[in-house]
Amino acid sequence: MKYTLFWRMCTVIGVGTVLLFWAIDWLTNHTESSMSFIAQEHQQQLLDYGKEADEIWKNEGEEALSAWLKMLQEKEQTWVGVVSSDITPLADSTIYKPFFDRFQYGRSVEWKIHLYFQQNPVMELPFADASTHLLIELPQRMRPGAMLLYANALLQIALPLILLCILSLVLYRHVMSPLRKLENVTKSFSAGHYDVRTNASLLERNDELTRLAVTFDKMADRTSKLIYNQRQLLADLSHELRTPLTRIDMAVDFVEQQINPQQALARLRYEASTMRNLVEDTLTLAWLNTESPQLNTDDFDLVELIQVICEDARFEYPDKNLVSTLPEKAPLTQSSQIALGQAIENIIRNALRYTPEKSEVEVLLAITEQGYRLCVKDNGPGVPEHMLGDIFKPFFRVDKARASIGERIDTSQSTGFGLGLALAHRQIEAVGGSIKAQNYTHDAQSYKEDASGYNNTPQSHNDKNTQRSGLKIQIELPRSSATAL
C-alpha cells in the first residue's frame, strides 16, 4: 500500500475516537444512573420518619401527629404532610381495581431521582394500614447527585484528555521509534562510523518510515563507498606522485650542476606531462565517482566512432595486427560520444599494449536485442582469475597482474597509471552500459566469431591445433542511454 502509515494512523485515530465517545457516553449514563438513587442511610431515615409518624398516629392521636409534623418541617426545612388514600367515586361511576394497586401520592424511596429537575420530588411513606401516607418533599441534604458536576467535569474533560494523551503517546512512539533509530544512525554516520545502518527490524513495519530507512541505507552505502574511494584515490595518487616528483628533483639537481642539462630538461618536461595526465585522469575519475553524471546528450554512429579509434590505434601500434568486425551501422541516441570514445580507446590501447608483436587484437561489434555488444580480445597472457574483478579499480597495474602469469611482456610503450580501465568502467556506466572481463582460450585460426558475436565458422584445417589465449573485455551498450538510466 502506498500510504501505509497514513491509513494506519487514520485507523487508529478513527477507532480510538469512536471508542472514546462510546466510553464517555457509557460512563456518563452509568454514573448518572448510579448517582440518581437516594443514599441508603437517607432511605432508612425516611422510612424511620414514616414508622414514627405511624406510631404517633396510632398511639397519641392527630394533635400529637400535627405537632410532630411541624417539628419535622423545621428540622428538615421542607414540606411534610399526612394524607388518606380513600377515593370516593361520583355519578354512579366505579373505580377500576388495578387503579388502587398502582395509585401513588409520591415516589418510593427506592426510585430513581431526576437529577436535572430543580424541584425536589415528594416521597411517600405508607402507614401500616396502607390507607394513610406520610408525604415529605425530599430534603435538600438528602438529594442525590451532589457530585454530578464534578463527575461530568471528570468524564467530559479529564477522561477525554487522558485518553487522547494515551492515544497521542501510542502514535508518537509508533512514529518516533524508527525516527529515533534513524537519528542515532545519522549521528553515528556523521561522526565517522560509515558502516552503521538502520536496524533491520524496521523492515517489518512496511510503511513510509521503512522506505525512508531503506533510502537512508542506500544513501549511506553510496556515501560511504564514495568516501572510501576518495580516500583510497587520494592515497594512491599521493603514492603515484612520489616517483615523478623524485625524478623532477633529480633533474633539477642535474640542471643546477650542469650535468647533461638538455637531457635533464627533457626529463622535466616528460615528468611534468606525466603528472599532468595523472592528475587530469584522477580528477576525471573522482568527478565520475562523485557526481555520477548521466551522459546522454549526443546522437552518433558507434561504428564510425570505433573505426576512427581503430585507425588511430593501427597508426600508433604498426607492429600489431588490429582486426575489426563491425556491422554497417550502429546508431546510438542520447549517449556521450566523448565518454564512450575515451572508454573504447583505453580498452583497445590496453589490449594492443599487452599483445606481442605480429599478434592479433580483435574488435567485434554485435547487434543484440537490448542494444550492442562490443568485444575486445587481445593475444596476451590474460589476467589471473582472482584479479579479474580488480582490473577496473583505480591504480591497479594490469602489467603486474599479467606478469604474475609468467609470460614475458613488452611494456616499453606502457606509460599508464592504472586508471585507463577504471575510467572506462565509470564512463560506460555513465552512458547506461556495463563492462566485464574474462580470460579465454580457443583455436585462433580454426574459428573466428562473425559479426553477430555468437556463431563460429571454420577457417583453416591446417592450423586447427594452434591455440590462442588472452583477455576478453565485453561491453554491453543500450541503443539509448536515456531509457537505460
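1. Ile 162, Leu 163, Ile 166 and Val 170 together make a nonpolar surface patch of about 330 Å², where a patch is built from residues with over 30% relative accessible area and no salt bridge, nonpolar side chains (Val, Leu, Ile, Met, Phe, Trp, Tyr) being joined within 5 Å and like charges within 9 Å. The areas were computed by the Shrake-Rupley method with a 1.4 Å probe, and for residues only the protein chains shown count as cover. Within this patch, Ile 166 belongs to helix 5 (residues 148–190), helices (H or I, at least four residues) and strands (E, at least two) being DSSP runs numbered from the N terminus. Ile 166 counts as partly exposed because its relative accessibility is 45%, given that buried means under 20% relative accessible area, exposed over 50%, and partly exposed in between (1.4 Å probe, protein chains only).

2. On the basis of the note, this is a predicted model, in which local features need pLDDT of at least 70 and side-chain atom pairs count only at pLDDT 80 or more, while totals for chains, interfaces and linings use all residues. Residues are numbered from 1 along each chain as its sequence is written, and side-chain values use heavy atoms, with hydrogens and water left out.

3. Helix 5 also holds Pro 160, which is buried because its relative accessible area is 11%. The C-alpha atoms of Pro 160 and Ile 24 are 7.7 Å apart in space, although the two residues are 136 residues apart in sequence.

4. Two backbone positions deserve a look during review. Most residues other than glycine have a negative phi. Asn 260, which is not a glycine, nevertheless has a positive phi of about 45°; Asn 260 is found in the loop between helix 6 (208–256) and helix 7 (261–291), and with a relative accessible area of 41% it is partly exposed. Gln 334, likewise not a glycine, has a positive phi of about 50°, but Gln 334 lies in strand 6 (residues 331–335), where its relative accessibility of 37% makes it partly exposed.

5. Which residues line the largest cavity? A search of the whole structure finds one cavity of 30 Å³ or more, a cavity being a set of points, on a 1 Å grid over the protein atoms alone, where a 1.4 Å probe fits but cannot get out, with lining residues having an atom within 4 Å of a point. The volume of the largest cavity is about 30 Å³, a volume being the space filled by probe spheres set on the points, which are joined across faces, edges and corners. Its lining consists of Ile 347, Asn 350, Ala 351, Val 376, Asp 378, Leu 471 and Ile 473. Helix 9 (337–353) and strand 12 (467–478) are the elements that give two or more residues to this lining, and helix 9 supplies the largest share, three residues. By character the lining divides into five nonpolar residues, one polar and one charged, with Ala, Val, Leu, Ile, Met, Phe, Trp, Tyr, Cys and Pro counted as nonpolar, Asp, Glu, Lys and Arg as charged, and the others, Gly among them, as polar.

6. The structure holds eleven salt bridges, each defined by a side-chain nitrogen of Lys or Arg within 4 Å of a carboxyl oxygen of Asp or Glu. In one of them, Asp 54 pairs with Lys 58, the closest N and O atoms being 3.8 Å apart; because these residues are four apart in helix 2 (residues 40–59), about one helical turn separates them. Asp 54 is buried at 9% relative accessibility, whereas Lys 58 is exposed at 53%. In helix 8 (residues 302–316), Arg 314 and Glu 311 are three residues apart, about one turn of the helix, and form a salt bridge whose closest N and O atoms are 3.1 Å apart. Arg 314 is partly exposed, with a relative accessible area of 28%.

7. Arg 373 and Glu 476 also meet through their side chains in a salt bridge, at 2.6 Å from N to O. Arg 373 lies in strand 8 (residues 371–377) and Glu 476 in strand 12, so the pair ties together parts that are 103 residues apart in sequence. Arg 373 is buried, at 16% relative accessible area, while Glu 476 is partly exposed, at 24%. Elsewhere, salt bridges that share partners join Arg 247, Arg 267 and Glu 271 into one network.

8. Strand 12 also contains Lys 472, which counts as buried because its relative accessibility is 14%. Lys 472 and Tyr 440 are 32 residues apart in sequence, yet 6.7 Å apart in space, C-alpha to C-alpha.

Terms used. On a 1 Å grid over the protein atoms alone, a cavity is a set of points where a 1.4 Å probe fits but cannot get out, and a pocket is an open set with protein on both sides within 12 Å along at least five of seven lines; lining residues have an atom within 4 Å of a point.
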